[in-house]
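Student: Could you walk me through the structure below, one piece at a time?

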Amino acid sequence: MALRAGVFIAAVVLALLALHATLAHAEPLAIPLGVYATAAAADLHSTYRFLQIEGHHERNPFVKGLSNQPGKLVGVSAALDAATVYGVYRLVNLKVFGGPHPRFTRIALYAAAGVRVLYALDNYSAQGPPRPR
């Protein structure tokens, strides 16, 4: 039950962030944000499943203290994802850097999605083969 709630919260937060970035600023970021949100959801799911195995713990120093509470860990991680995406978006659109840079934003989102996919694959591979229920 906690997994469903955590994944739902993560999906809603990232979807709202994607909606805000695409509608409010009319930039074509829907696809890169969707790719990142999907990769982040896969990472959150794999982390949750990984933590269900006895003896496994979170390695991310920001949320390491929540290893024994996977549902809360997923929620906090989703909030950190949303804050990170928003922060990167705001940073690359500052006038100090010459105004909006949607190409750089897309590249950054695709790169971050690639990293999240690697994390998810690492978590899934550490779980071992699936067991029948």
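Tutor: Sure, and we start with a definition: helices are DSSP runs of H or I with at least four residues, strands are DSSP runs of E with at least two, and both are numbered from the N terminus. This is a predicted model, in which local features need pLDDT of at least 70 and side-chain atom pairs count only at pLDDT 80 or more, while totals for chains, interfaces and linings use all residues. Residues are numbered from 1 along each chain as its sequence is written, and side-chain values use heavy atoms, with hydrogens and water left out.

Student: Okay, what pattern does the chain follow along the sequence?

Tutor: Count the elements before you order them. The chain has four helices and zero strands. Reading along the sequence, you get α-α-α-α.

Student: How much of the chain counts as buried?

Tutor: Buried means under 20% relative accessible area, exposed means over 50%, and partly exposed is in between (1.4 Å probe, protein chains only). The accessible surface adds up to about 8,300 Å² (Shrake-Rupley method, 1.4 Å probe), and 68% of that belongs to carbon and sulfur atoms. Out of the 133 residues, the share that counts as buried is 35%.

Student: And what share of the contacts with a separation of 6 or more comes from residues 24 or more positions apart?

Tutor: A contact is a pair with heavy atoms within 4.5 Å. Take the chain's contacts with a separation of 6 or more, and residues 24 or more positions apart account for 64%.

Student: Let's get to the helices. Are α2 and α4 roughly parallel or roughly antiparallel?

Tutor: Two packed helices are described by the angle between their axes and the distance between the axes. Helix α2 (residues 30–51) and helix α4 (residues 102–126) have axes 8 Å apart, at an angle of about 20° (axes are lines fitted to C-alpha atoms over the stretch in contact, and angles run from 0 to 180 degrees between N-to-C directions). Under 35 degrees counts as roughly parallel, over 145 as roughly antiparallel, 65 to 115 as roughly perpendicular and the rest as oblique. So α2 and α4 are roughly parallel.

Student: How many residues of the contact of α2 with α4 are nonpolar?

Tutor: Ala, Val, Leu, Ile, Met, Phe, Trp, Tyr, Cys and Pro count as nonpolar, Asp, Glu, Lys and Arg as charged, and the others, Gly among them, as polar. In this contact, four residues are polar and three are charged, and the nonpolar ones number 19.

Student: Is the crossing of α2 and α3 left-handed or right-handed?

Tutor: The axes of α2 and α3 come within 10 Å and cross at roughly 155°. That makes α2 roughly antiparallel to α3. For the hand, a near helix turned anticlockwise from the far one by less than a right angle gives left-handed, and clockwise gives right-handed. Here, the crossing is right-handed.

Student: Which residue at that contact in α3 is a Ser?

Tutor: On the α2 side you find Leu 44 and Tyr 48, among others, and on the α3 side the list includes Val 74, Ala 78 and one Ser. By class, the contact of α2 with α3 has eleven nonpolar, three polar and one charged residue. The Ser in α3 is Ser 77.

Student: Is Ser 77 buried or exposed?

Tutor: Ser 77 sits in helix α3 (residues 70–92). Beyond its neighbours within four places in sequence, Ser 77 is in contact with Leu 44 and Val 63. With a relative accessibility of 12%, Ser 77 counts as buried.

Student: Then is Arg 59 buried or exposed?

Tutor: Arg 59 belongs to the loop between α2 and α3. Leaving aside neighbours within four places, Arg 59 is in contact with Asp 122 and Asn 123. Its relative accessible area is 54%, so Arg 59 is exposed.

Student: How far apart are the C-alpha atoms of Leu 80 and Val 63?

Tutor: Leu 80 has its place in helix α3, and at 37% relative accessibility Leu 80 counts as partly exposed. Neighbours within four places aside, Leu 80 is in contact with Phe 62 and Val 63. Leu 80 and Val 63 are 17 residues apart along the chain, and their C-alpha atoms are separated by 9.7 Å.

Student: Last one: what separates the C-alpha atoms of Arg 106 and Pro 32?

Tutor: Arg 106 is in helix α4, and with a relative accessible area of 24% Arg 106 is partly exposed. Arg 106 and Pro 32 are 74 residues apart along the chain, yet their C-alpha atoms are separated by 5.8 Å.
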